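I opened this one to see how the chain is put together and what surrounds one charged side chain. Notes follow as I went.

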Amino acid sequence: MSLPIISIPSTINKLLSEYSGFFTKPQFGNFRRLITGLIVSENKTLQKINDQFGKRNQSSLNRFVSNSKWDLDQLNSLRIKTVVSHLSLEKKGVLIIDESLNHKTGKHMELAGIHRSGVTKRLEWGHMNGMRIAQI
């Protein structure tokens, strides 16, 4: 087991601060933990991400991911705006954020299937996050 995360790194806090107005205060705390956990955790399950932060009740993070009422399109637009603001682009163009495969083992998981992994270059069972293309 890896060492627990005792605080959100200041660099991540600074980058995520642009999202603070999008979420309620409790949601924003869960958002910061989720993003930090996705970056540093070897195992990307909600349970393992939650465990990285010590002894915390996982239900809050579960509800944030599965039951929160925010507009995913608005969140994605904010994400693209944030990425673009940190790039120095001289000309307009297209920003492509590549798809990624979340490896899964459960055979009855919703939306799981056989996909080609960009990492292993093989067909694997998992969830495929769609490719995002944004006009800049």
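For the record, I count a polar contact when an N or O atom pair sits within 3.5 Å, and within protein one atom must be able to donate a hydrogen and the other to accept it. I kept in mind that this is a predicted model.

Overall layout. I listed 5 helices and 5 strands in the protein chain. Reading from the N terminus, I got α-α-α-α-α-β-β-β-β-β. Of the 136 residues, 26% count as buried. I also looked at contacts with a separation of 6 or more: 52% of them join residues 24 or more positions apart.

Arginine 33. I found arginine 33 in helix H2, which covers residues 25-40. What is the nearest side chain of opposite charge to arginine 33? I got aspartate 51, 9.3 Å away; arginine 33 is buried and has no salt bridge. Its side chain does make a polar contact, at 3.2 Å, with the side chain of asparagine 50. Leaving out residues up to four places away in sequence, I noted that arginine 33 touches Ile8, Ile49, Asn50, Phe53, Arg56 and Leu61.

The core. Next I went through the largest nonpolar core, which has 15 residues; Leu16, Tyr19, Phe23, Phe28, Phe31 and Phe64 touch the most other members. H1 (10-16), H2, H4 (59-67) and H5 (72-85) each supply at least two of the core residues. H2 gives the largest share, 3 residues. I then checked leucine 16: beyond its neighbours within four places in sequence, it contacts Phe28, Phe31, Arg32 and Ile35.

Surface. I got about 10000 Å² exposed for the protein chain, with 55% of it from carbon and sulfur atoms.

Methods. Residues numbered from 1 in each chain as written. Predicted model: local features only at pLDDT ≥ 70, side-chain atom pairs only at ≥ 80, totals over all residues. Heavy atoms only, no water. Helix = DSSP H or I, 4+ residues; strand = E, 2+ residues; numbered from the N terminus. Buried < 20%, exposed > 50% of the residue type's maximum accessible area, 1.4 Å probe, protein only. Lys, Arg positive; Asp, Glu negative; His and termini not counted. Salt bridge = Lys/Arg side-chain N within 4 Å of Asp/Glu carboxyl O. Contact = heavy atoms within 4.5 Å. Core = buried A, V, L, I, M, F, W, Y, C linked by side-chain atoms within 4.5 Å. Areas by Shrake-Rupley, 256 points an atom, 1.4 Å probe, with all protein chains shown as cover.
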